[in-house]
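Visitor: I'd like to learn how to read a model like this one, feature by feature. Can you walk me through it?

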Amino acid sequence: INYYERKQREVHHQISELRLHQTNKVTAFGGDGVLRLLREIERHHKAFSMPPIGPIGAHVTLVNGDTWAPAVERAIGKMLNAFIVTNSEDACALRKCAREARYNFFPIVIQRFSRPRLIIPNHSLPQTSHPTTLSVLHSDNPTIYNVLVDVCKAERQVLVKDYNMGRAVAFDQRIPNMLESNTFSLYYLAKPAISCVKQSHPDVVAPKDMYKKRFSRGSVQTVLPINKNLKIGRLRGSFGDQVKEFESHVSNIQQDIDQCKSRKTELEKKVQDFNRKLDNKKKRRLDVEREFMAKRMKLQDMQKSHAVDASLLPESTTNELLQEISDGKMVIKKKEALLETLKDRINEAEEKARTLKLSFEDLGESTKGEVEAFQKAEEELTEIEKEIHNAEANKLHYENIMNNKVLPQIKEAEAKYLELEKDRKESYKKASVICPESDIEALGDRDETTTEQLDAKLKRLNQRLMHESQQYSESIDDLRMLHQEKERRILRKLHTYKAFRERLDNILVVLSEHAVSKKETNGKMIVLLGKEALEALGFAAACQKALDLRWKKFQRNASLLRRELTWQFNGHLGKKGISGHINVSYEEKTLSVEVKMPQDASSAIVRDTRGLSGGERSFSTLCFALALHDMTEAPFRAMDEFDVFMDAVSRKISLDTLVEFALAQGSQWIFITPHDISNVKNGERIKKQQMAAPRS
């Protein structure tokens with residue numbers, strides 16, 4: 001009853017919301033808060049350069065009825081409650097109005113109202129017959145249409161009706177230009193003991209539209225779960241039909257409540273009957289317990305009286321009992337004497353029986369040989385008869401098996417063998433056309449390879465080909481040319497090495513030829529070299545010394561460059577309160593970046609940039625690029641989309657940092673970004689140029 005009453009209250013609340021939406025459609029996208037915000041905007045209209053547009057949901061309608069309303073609302077989400085302003089000053093004024101109206105949780109989109117309506121070419125749309133979110137929506141305002149395209153990506157959101165179709169569209173077909181697919185299906189809430197039932201089940205109490213979102217990024221497939229707090233039906237054209245549906249649903253819930261209450265009344269009556277029977281049983285138990293206690297007391301009294309009577313017996317009675325005991329003992333002695341006599345007779349009979357048994361054994365020994373031979377022959381005859389009988393039964397059994405099972409199976413196997421042989425020959429002819437047998441023999445190791453192993457090997461090769469194709473964008477011809485170029489470079493290095501080796505060998509020959517004399521000193525041989533040999537040794541020592549000096553300078557410069565790169569990187573990160581470090585290993589030829597965020601309470605260092613958010617990763621990459629720019633010189637430089645995935649604060653810090661760095665360097669810089677650059681400070685050396693939208 002509590003469950004149904006709670007559902008009834010929820011449905012009443014939904015009915016009141018729908019009736020409020022009937023009065024004013026704007027309340028469907030923010031409730032009373034959006035009405036207060038609109039009144040504040042009207043009161044402060046002079047603070048805006050152009051009146052804000054919103055909420056977006058109040059300015060769009062569905063093209064083909066209300067079929068796709070839930071899926072569209074799920075795809076666009078909170079952007080239905082968003083407001084659009086033309087610049088950042090209007091955005092600040094709108095936030096001030098929202099604070100005064102006590103309505104703060106809604107998105108604000110900055111979009112130029114003078115921008116014309118976008119024209120999207122067909123090759124930029126998802127190549128599928130299913131509708132998109134943009135195709136089922138209509139708006140007369142071009143600014144709202146542009147926001148749906150630029151911010152919501154509505155032209156790339158595909159709508160499908162069921163789970164299998166959504167899975168095929170999102171994961172299997174790999175449709176180009178598709179961002180995600182939203183699946184629309186029906187679920188029903190049932191009684192507490194049932195979690196999900198079909199539409200025809202008699203216990204269904206409340207239908208509700210729910211759906212799932214699917215998208216894939218590379219090899220990762222994502223299915224977002226159902227949002228239980230989702231408000232649906234806000235884009236539908238008529239709220240009266242929904243009110244009628246919910247009212248009929250309320251009446252059905254009331255009927256279920258009445259049925260539960262009647263069941264409760266019946267159960268309460270049964271409980272009362274059970275309690276009454278229980279009271280009767282308790283009363284009867286008390287009566288039985290009292291009767292049992294009375295009998296128990298009576299038994300104890302009888303035991304006590306019997307003990308007293310036994311202690312009060314007279315001595316004459318005792319003498320009589322003793323006389324009876326002595327008489328009984330005399331009778332026992334007589335019986336024992338009779339028992340001894342019987343035992344003697346039994347012993348005599350056993351002695352006679354043993355004598356007869358010995359005589360019988362002597363007789364059996366004399367006839368034992370003949371009896372054993374007769375028994376043995378009789379046993380052999382019985383065994384032979386059994387074997388003959390078993391052999392005949394086995395013969396009949398195996399003949400039946402041969403006729404009924406083996407022969408048909410042999411004939412069937414022969415027919416199947418002929419058919420398979422025919423198929424093999426045809427397949428061999430087809431395979432020979434596709435791939436000659438000589439090519440297969442050239443591969444080798446094919447005798448013990450099965451078709452399953454070949455299929456698995458082919459799949460592995462295809463997977464490796466796809467993986468290598470994704471990793472390297474160049475074609476096979478380009479990679480082959482690159483490989484040939486690397487081989488030529490290796491050959492040149494080998495020729496250079498051989499030339500140096502020959503020169504070294506020549507020096508050693510010269511040293512051996514110009515050795516003038518030898519003498520023995522303290523048991524050691526000393527070689528006296530000529531003038532040319534000494535000059536050659538001096539030249540070699542000078543070369544080694546120069547090489548060592550250059551190597552030390554190179555290592556020192558490498559260490560200083562590594563420190564300078566870390567200092568510059570950490571200095572740029574510090575403008576946002578972030579610290580970091582760059583580890584360069586010249587031996588392993590690796591470079592790793594470590595970033596420590598200020599809000600990280602665990603003081604853990606992020607060593608993998610994939611652990612950062614999109615904005616943090618973009619800002620860290622920008623700081624790393626600026627650190628490299630500090631260490632290099634160039635007449636002009638360019639950066640494209642350096643502020644993607646950044647929030648407003650990070651974007652402002654990045655723009656200010658880049659402009660200050662460019663002015664300090666003195667070289668020419670070109671910054672390309674799809675975001676607003678109105679916040680960049682003006683200057684004599686700073687020029688801004690706004691390009692037209694690529695879709696217009």
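Guide: Sure. The protein has 14 helices and 14 strands. Keep in mind that this is a predicted model.

Visitor: What share of the 696 residues is buried?

Guide: Buried residues account for 24% of the 696. The protein exposes about 51,300 Å², and carbon and sulfur atoms supply 56% of that area.

Visitor: And the contacts: what percentage join residues at least 24 apart, among those between residues at least 6 apart in sequence?

Guide: That figure is 65%.

Visitor: Let's turn to charges. How do I read a salt bridge?

Guide: The general idea is that side chains of opposite charge can pair when their charged atoms come close. A search of the whole structure here turns up 12 salt bridges. Take Lys7 and Glu10: their closest N and O atoms are 3.2 Å apart. Both residues sit in helix 1 (residues 2–23), 3 residues apart, about one turn of the helix.

Visitor: Is Lys7 buried or exposed?

Guide: Lys7 counts as buried because its relative accessibility is 13%, and the cut-off for buried is under 20%. Its partner Glu10 is partly exposed, with a relative accessible area of 37%.

Visitor: Which residue pairs with Asp477?

Guide: Arg480 does, in a salt bridge of 3.1 Å, N to O. Both are in helix 11 (residues 476–513), 3 residues apart, so again you are looking at about one turn of the helix. Arg480 is partly exposed at a relative accessible area of 44%.

Visitor: Which helices does the salt bridge between Arg43 and Glu100 involve?

Guide: In this salt bridge the closest N and O atoms of Arg43 and Glu100 are 3.5 Å apart. Arg43 lies in helix 2 (residues 32–43) and Glu100 in helix 4 (residues 88–101), so the pair ties together parts that are 57 residues apart in sequence. Arg43 counts as exposed at 54% relative accessibility, while Glu100 is partly exposed at 34%.

Visitor: Which residues are linked with Arg43 in a network of salt bridges?

Guide: Glu40 and Glu100 are linked with Arg43 in that network.

Visitor: Now helix packing. What should I look at?

Guide: Two packed helices are described by the angle between their axes and the distance between the axes. Try helix 13 (residues 614–630) and helix 14 (residues 648–665): their axes come within 11 Å and cross at roughly 5°. That makes helix 13 roughly parallel to helix 14, because angles under 35 degrees count as roughly parallel.

Visitor: Which residues of helix 13 meet helix 14?

Guide: Phe619, Leu622, Leu626, His629 and Asp630 do. On the helix 14 side they meet Ser650, Ile653, Ser654, Thr657, Leu658, Phe661 and Gln665.

Visitor: How about the surface? Which residues make the nonpolar patch of about 230 Å²?

Guide: Met402, Leu407 and Ile410 make that patch. Ile410 belongs to helix 8 (residues 315–434) and counts as partly exposed, at 40% relative accessibility.

Visitor: One last stop: where is Gln689 found?

Guide: Look in the segment after strand 14 (668–672). Gln689 counts as exposed because its relative accessibility is 68%, and the cut-off for exposed is over 50%. Gln689 and Ile672 are 17 residues apart along the chain, and their C-alpha atoms are separated by 9.8 Å.

Methods
Residues are numbered from 1 along each chain as its sequence is written. This is a predicted model: local features need pLDDT of at least 70, side-chain atom pairs count only at pLDDT 80 or more; totals for chains, interfaces and linings use all residues. Side-chain values use heavy atoms; hydrogens and water are left out. Helices (H or I, at least four residues) and strands (E, at least two) are DSSP runs, numbered from the N terminus. Buried means under 20% relative accessible area, exposed over 50%, partly exposed in between (1.4 Å probe, protein chains only). Patches are made of residues with over 30% relative accessible area and no salt bridge: like charges are joined within 9 Å, nonpolar side chains (Val, Leu, Ile, Met, Phe, Trp, Tyr) within 5 Å. Accessible areas come from the Shrake-Rupley method with a 1.4 Å probe; for residues, only the protein chains shown count as cover. A salt bridge is a side-chain nitrogen of Lys or Arg within 4 Å of a carboxyl oxygen of Asp or Glu. Contact means heavy atoms within 4.5 Å. Axes are lines fitted to C-alpha atoms, for helices over the stretch in contact, and angles run from 0 to 180 degrees between N-to-C directions. Angles under 35 degrees count as roughly parallel, over 145 as roughly antiparallel, 65 to 115 as roughly perpendicular and the rest as oblique.
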